[in-house]
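Me: I am new to this structure. Please take a close look at one chain of it, and then add what helps from its partner.

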Amino acid sequence: MTTHLSEDTAMRALEAARPIPESVDEVWSPTRADRVLHAVLDQTTGSPRPSRQVSRRWALVAAVAGIATIGLIGQAVIPSGSVGSATPAQALDNLASHAVAITIPDGKFLKVVTTHTIEPTGTMIGGSSQDTTWYADDGWCWSTTSLSDAPEVTYRRDTWPTAEFAALLPQPMPDDPASLVDAINQRAADYVATHPPKANFVPPPSLWVALVADGAFKDVRTSAADRALLIRSLALLPNVTVDEHAVDPRGRPAVEVAVKYSDPHFPDAPQREYRLFLDGDGLVLASQIRMSGGKYYQSWITERSLVDSVPADVIKTVGSGHKTKMVTR
Amino acid sequence: MEHPPGPDDFRRLFHETNRRVYAFVRRYATESDCDDLIAEVYLAAWRHFDQLPAEPLPWLLGTARKVLANHWRSRGRRQRLAVEMAGISQLATADCATQAVDRADLVAALRRLREEDREILLLVGWDGLDSTQAAQVLHCSPQAARARLSRARKRLAECLTEAEPVTQLQLLTEAN
């Protein structure tokens, strides 16, 4: 039986018995901890989630890393059907021949709702966010982003492409796909060299080109010819496959372009696959990142429509001038 | 421009905190379950990297608490308490007992405490959190955490006064 103790003495006794690093290491060894760390990294891709308040430059980096919402836009179209070719080059060449520019009629706005999902849902890491963007034909847009597990809504007034993204896309565009691939990779290398934080994630060339193409498809001012050139450039990527008879995650007929890549930052991690689902006019319906073995990790799925107006509360929050603005509330 | 978070930042976070997260999780889970549970905590940290405060430990422990709650949801309370006490018994440093209290008495006293008292005492006494940080883990106000800690300190002192040793055999029996 212990004699009467003061509260302070009791707490000191408790604190004296706290686990110390050496005793923890006996069971929770550095090797075991590293195993858990790699298990975590094997289930992730790119970089940790960036702040919603970060710069547009980081938003670009995140997009390239495949973790930011890739707004995928284009006018609502009916797919033109199978292109019916055997090789990626032939399939994409046929698809490119159907490429169209996005047209937004006077007085209308292109509304794109993008649902970003991280699987498995219902777990601590799983969840979703929804980004709604209203595009005007001058390249400026308004957007709202809400997370499934947070009450805040982020409002933005911006252009697409951003200046940082535009730096990756050659202007004027080269005349042929091979030159375009080379130009994008050169610009990507320059960008990485001049933006040290980005060195945290240096995508392989194949992913750069696929993501830049994806981003260019978003630009309402990208011409049909440039869209066609970008589509044809995808055929030149290593490890690219094309399925002309695929369906996107919503079951819509699509041409699926898949690019396998390894994350250079985690050479031991499983190979990943970046998939673009294009409709018959070469506009993006959805994209996904999958882990090796077919495990699904993230997806961005879009729904497009033409609307007459932008919600008043969105305009009131970020304005309608040609000035970038972001507000989270 | 503020340095954006990158994989190296995440690795640094992991290396700086994983021992303490383990020490927390092990209190409430069997050794064999710890790895998966800790991985789930850090997966959440990856996804919510933007929400991590400068001192991330309370956030990590609060997340671990939720992960553990899910883990135990389908299991019995008795089993959970047995595992908790076995974990505490394993983690309590054997040679650090004060002259006033020996380790066995301390473990016995913790066993007698109410769960909510034991939880906040260990957050403060073992995890090194202050009452405000403990409040973040427990999802209560700092005032409520301080009041809860004050009551728990008093009860710990009472339980230590009344403590009778619990044998290792009892703990192992409860855990299995």
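Reply: Start with the contacts inside chain B (contact means heavy atoms within 4.5 Å). Take those between residues at least 6 apart in sequence: 70% of them join residues at least 24 apart. This is a predicted model, where local features need pLDDT of at least 70, side-chain atom pairs count only at pLDDT 80 or more, and totals for chains, interfaces and linings use all residues. Residues are numbered from 1 along each chain as its sequence is written, chains are lettered from A and ligands numbered from 1 in the order in which they are written, and side-chain values use heavy atoms, with hydrogens and water left out.

Chain B has 9 helices and 0 strands (DSSP runs numbered from the N terminus: helices are H or I, at least four residues; strands are E, at least two). Its pattern along the sequence is α-α-α-α-α-α-α-α-α. Of its 176 residues, 56% are buried (under 20% relative accessible area; exposed is over 50%, partly exposed in between; 1.4 Å probe, protein chains only). The accessible surface of chain B is about 7800 Å², and carbon and sulfur atoms hold 47% of that (Shrake-Rupley method, 1.4 Å probe; for residues, only the protein chains shown count as cover).

Now confidence. The mean pLDDT of chain B is 79 (the predictor's confidence in each residue, from 0 to 100). In this chain, 80% of residues reach 70 or more. Among its elements, helix 6 of chain B (residues 115-125) has the highest mean, 92, and helix 9 of chain B (residues 168-175) the lowest, 34. Across residues 163-176 of chain B, pLDDT is below 50. That stretch still has 21 contacts in the model beyond near neighbours in sequence.

Chain A adds a helix pair. The axes of helix 5 (residues 88-97) and helix 9 (residues 224-234) of chain A come within 8 Å and cross at roughly 170 degrees. Therefore helix 5 of chain A is roughly antiparallel to helix 9 of chain A. Leu92(A) and Asp93(A) are among the contact residues from helix 5 of chain A. Ile231(A) and Arg232(A) are among those from helix 9 of chain A.

Two single residues of chain A finish the tour. Trp300(A) sits in strand 9 (residues 296-307) of chain A. Trp300(A) is buried, at 0% relative accessible area. Pro170(A) is in the loop between helix 6 (163-166) and helix 7 (177-194) of chain A. Pro170(A) is buried too, at 5%.

How values were computed
Axes are lines fitted to C-alpha atoms, for helices over the stretch in contact, and angles run from 0 to 180 degrees between N-to-C directions. Angles under 35 degrees count as roughly parallel, over 145 as roughly antiparallel, 65 to 115 as roughly perpendicular and the rest as oblique.
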